[in-house]
Amino acid sequence: MNITTADRLLFIGDSITDAGRDRADGTSLGDGYVARIARALRTRAGAAPAAVINQGLNGNRVYDLEARWATDVFAQRPTVVTVKIGINDTWRRYDRGLASPVVQFEACLDRLLAYTAQKLAARLVVVTPFLLPVAPHQARWREDLAARTEAVLRAARANGAEVVRADLVMARAAERHGAAALAPDGVHPSALGHDLLADAWLTALLPGADRPAPA
């Protein structure tokens, strides 16, 4: 995949994508991995995308994405759609007893990807969820998230999506830097964590010779 001046890049997901964006400003990208990707792409002479749009929303599970997909994705007419979702579907099970069965989760994500490819002919990118436990109680989340990550990978493969293995990237980096340095609460990335996510996206999506370093 490559990115051209004709492309409209849309990113959608939960708070990791949201990253503090100003929802009253449609051009706001927040201060996370989406903003870093946009800055990096602008460094490529003459090859910045026509638009980068951040539709992340704090607290979202996959069903919340489905409820707003028509307005927040289809209405924007993107040519590349990046989806990062799943950690809240796991988290809410443990802190609120709010179930998101993996079978239903996968079916919902598959519907969104399939419909987007069909309706928009958009290229799809899926970023896997990740967890870097920093508190003892988070260790038991792994069983749920592991199965959910496999569901994300199946849905991505079924719909021809590019995959960014954030789970592997962050786990490897945690061995070097420590989990808290990348995600102080185990979930939300630090500045370094967002740098790594942006670099993983750029590495997966762009040809090596055309790949800028994230800013």
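In the predicted model, the exposed residues Arg172, Glu175 and Arg176 sit on the face of helix 7 that is turned away from its buried side. The buried set of helix 7 consists of Ala166, Asp167, Met170, Ala173 and Ala174. Viewed down the axis of helix 7, these buried residues fall within an arc of 140°, and they therefore line one face of the helix. Such a pattern relates to helix geometry: an α-helix has 3.6 residues a turn, so residues three or four places apart point the same way.

The length of helix 7 was also examined. Helix 7 covers residues 166–177, and its 12 residues should span 16 Å at 1.5 Å a residue, because the expected span is 1.5 Å times one less than the number of residues. The C-alpha atoms at its ends are 16 Å apart, in agreement with that expectation. Just after helix 7, Gly178 adopts a positive phi of about 90°. The packing partners of the buried residues of helix 7 are strand 4, strand 5, helix 6 (142–158), helix 8 (179–182) and helix 9.

Two of these partners, strand 4 and strand 5, belong to the sheet described next. Five strands form an open sheet in the order 2-1-3-4-5, and the pairing is parallel. Its edges are strand 2 and strand 5 (162–164), each of which pairs on one side only. From one strand to the next, the twist averages 15°. In general, strands of a sheet pair through backbone hydrogen bonds, either parallel or antiparallel.

At the strand 5 edge, three bridges connect strand 5 in the parallel sense to strand 4 (residues 123–127). Within this pair, Val126 stands opposite Val163 of strand 5. Helix 9 (residues 191–205) packs on the sheet, where it touches strand 1, strand 3 (80–84), strand 4 and strand 5. The direction of helix 9 makes about 150° with that of strand 5. Helix 9 is also among the elements against which the buried residues of helix 7 pack.

At the other edge, strand 2 runs parallel to strand 1 (residues 8–13), and six bridges join the two. Leu10 stands opposite Ile53 in strand 2. Although strand 2 is an edge strand, six of its six residues (51–56) are buried. Ala51, Ile53 and Gln55 lie on one side of strand 2, with Val52, Asn54 and Gly56 on the other, and both faces are covered.

How values were computed:
Residues are numbered from 1 along each chain as its sequence is written. This is a predicted model: local features need pLDDT of at least 70, side-chain atom pairs count only at pLDDT 80 or more; totals for chains, interfaces and linings use all residues. Side-chain values use heavy atoms; hydrogens and water are left out. Buried means under 20% relative accessible area, exposed over 50%, partly exposed in between (1.4 Å probe, protein chains only). Helices (H or I, at least four residues) and strands (E, at least two) are DSSP runs, numbered from the N terminus. Two strands pair if DSSP finds at least two bridges between them. Axes are lines fitted to C-alpha atoms, for helices over the stretch in contact, and angles run from 0 to 180 degrees between N-to-C directions. Contact means heavy atoms within 4.5 Å. The arc is that of the directions from the helix axis to the C-beta atoms.
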